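Biologist: I should like a close look at a single part of this model, namely its open sheet and the helix that lies across that sheet. Please explain each term for a first-year student.

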Amino acid sequence: MDLSCFSPEQLMVRESINKICSAFPDEYWAERDRTEEYPHELHAALSKDGWIGIALPESLGGAGLGISEATMMLQTIAQSGAGLAGAQSIHANVYATQPVAKFASEKQKKRMLPRLIAGEWRTCFGVWISSAQVAQKMILLARTTPIEEVKKPSEGLSLFFIDFDRAAPGLDLRKIKKMGGRSVDANEVFFDEYRIPADSLIGNEGEGFKIVLHGMNAERCLLAGEALGLGYIALEKAAKYAKERVVFGRPIGQNQAIAHPLAAAYMSLEAAKLATYHATKLYDESRNDSAITQQSVGVACNSAKYLAAEAAFAACERAVLTLGGMGYAQEYHVERYLRECFVPRIAPVSRLNLAAHDQPVRQQQNKQKTKLKRQQNNQRPEQPLLASRTVAGLWLLSKLPIAKLLAGDLHSLTNRSQAYAIYTKWPPPTGLTTRTRTISNTGTTKPTSNGTPSSPSPLPQASQPLTHYHSKLYSLLSWERPSATASSFATVVLFIVASRYLPLIRWTLKFLYLALGVTASAEIGGHFLFSRGLTSSSRPRKYYTIPKDTMDSFLEDLENLVEFFLIEFQRILFVENLSYTVSAFVTALVSYWLVMFLPLWGLALIATCVAYLAPLVYITNKEFIDSQLGNAQEIMANQASHVKEMAETQTAQATHIVKQYVGEYRAKANGYIGSANGAVSNVTAPKAEPEPTPKAAQEPSQEPAQAPAQKTVEEIVEENFRQSSAPEAALESLPDIPKTEELPDLQQVAHADFPEAPTGEPSGEVKEADKVPELVQIS
């Protein structure tokens, strides 16, 4: 399926619902179809994340989205392999609550809808009532005024939201055995003196039929989406089988007898998809735009449902025929799809009833016209009905904006009145505004319509369609039509000059007091001369008023104009195009200084000339300006590259110098440390004189010789000082220590290069201070 015509919100809905439905494979639905068990697990998974209330207001716990997103949700459920059965499990909870959300009181909404959204309640609706075996609530359309007392059968009906107690007296529920979609029950319900509370009435009494139509159009959109999903999954199964089934050494899908019907079914589905999501947009936009009538919405929704049902039936039938005998087997599931695809063809309006609408009258009129033409022109006999339908269909296609829709512009038709205009007129204006919806895109998270824009996405440009003023302004300033641009330029300049040199306000006031003076004088003079006022006698019977359509069009145009300036300001502020932002900065800076010397009319005149003539100069000298801009960009790039190279060179040199200085200082510090350590070792370990050996010791002894005990440094120093006459003699025998101008503290230098060096005093025990010189303490 082609996804290019869908909005980001619809694509996020599709992705999230696909993740949920992936836990329910084909075997799950085949088993539910066999056992006729309700798919409680799917309903719980969807209600857990708030999908039941996708089209209900946020204030009640819903997502605040529209029928467009709800249709995508049900299409995705059906396309996942669940078919109509899976979609019908939540079908009524989506569309049947639309009249309640629109026409119920605030108290009723808060009492009825939150528990439905949370999945605690389930509702059912209709005469052929689905899910009545598991529903706790029912939306009931019942007659409250006898039919004899109303003018039309559709009058006197009221809508109720009631408790559905299957054990209550006066209620008879009968289950219907069905051909397909067996996991969702279908029932007949009969009421006989069944009592309901008065506060369950939705809207006004007797207006239930008008209210329920609001939900009927939504139901047709949802059913069309379900049919599309069923058709797409059937074609997917058939295409997969055609690729894998090999006969006579080649897949059967390579045969045109297989491929062409599948391609035709796919094209039908794609066309029905465009009609379906066109109808959903009309439905959503009609809530806030009175220019889109309910009749036009009804036509679009019913047409979409009819086309989608026919396309789904053709796809399911072709899938069964592609699989041949295996298509008749339950193993491949396509037979289940074929059984279920009859639902959108039959309900809520049968295709035969739709095709036969007004048929007797039209047939009689056509027969009379044909007979008259034969008599006058002696034409050939009447052509077969198939040919006449083909011609009518081709004529209808020629009137619809199919080419535009196939080009992918359906996604941009989100402006309220413009969406209606494209359905009735052609061509539409380009670049339309859209309303923003947001939904979470993280698996099974709850959909929401506030918070971070779904997009939502970290793109540098906002994914927001522009107003039609953008295309108009571009067409005007680009001189696509020189005469129109020149005329508008001259008009603006003349208006600026006139506002400067002509006293327009005084002229307006003068015209006003002259007109009022003439009318007042005529009235007074008429009373004196003719005994009746001349002005009042010529008063119109009805004062002129601006038509509502004109006013709505004017207000909408004004809204688009305001949105144009707002969007343009944001595009410039958030640097969607750097050149535009820089140009706006220069313009604002120059205007800031010029307004100190020029009046406002002069500044406006300069701005107008620049806005109109600058594009003309560029268009006229486009090649030269582009070449100069290219040269300037190349020069700037070269300069930037040169500056970068210089910066890298300077950085490398600075790094080298710093490393050199660090190395020199490190070498000096190590030299200081080595000199100091050598001096200290000479002081702390002087060489002792050998003592004469006694004779007894020189004679050989029978006992083994013992190694002399090794003296410590402290003992050697103490013995040396005892043998000397004075401590000064020992000091004179020390070698000279080289002097430096600034000898750093030994302990600080050692600690700077060797963080592990111990701090403080030596750990060895020191002798008495009066006997040991201060020099020994240094060691």
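Modeller: The description below begins with the sheet and then turns to the helix. This is a predicted model, in which local features need pLDDT of at least 70 and side-chain atom pairs count only at pLDDT 80 or more, while totals for chains, interfaces and linings use all residues. Residues are numbered from 1 along each chain as its sequence is written, and side-chain values use heavy atoms, with hydrogens and water left out.

The open sheet has four strands in the order E1-E3-E4-E7, with mixed pairing. Strands (E, at least two residues) and helices (H or I, at least four) are DSSP runs numbered from the N terminus, and two strands pair if DSSP finds at least two bridges between them. At the edges are E1 (123–125) and E7 (201–202), each of which pairs on one side only.

E1 and E3 are parallel, with three bridges; here cysteine 124 has methionine 138 in E3 as its bridge partner. E3 (residues 137–143) and E4 (residues 157–163) run antiparallel and are joined by seven bridges. Leucine 141 is opposite leucine 159 in E4, and alanine 142 has serine 158 in E4 as its bridge partner.

Helix H7 (residues 208–244) lies across E1, E3, E4 and E7, at about 65° to E4. Such angles run from 0 to 180 degrees between N-to-C directions, with axes fitted to C-alpha atoms, for helices over the stretch in contact. Valine 212 belongs to this helix, H7. Valine 212 counts as buried because its relative accessibility is 6%, buried being under 20% relative accessible area (1.4 Å probe, protein chains only). Not counting residues up to four places away in sequence, valine 212 touches Pro99, Phe125, Leu141 and Leu159, where contact means heavy atoms within 4.5 Å.

Key. Buried means under 20% relative accessible area, exposed over 50%, partly exposed in between (1.4 Å probe, protein chains only).
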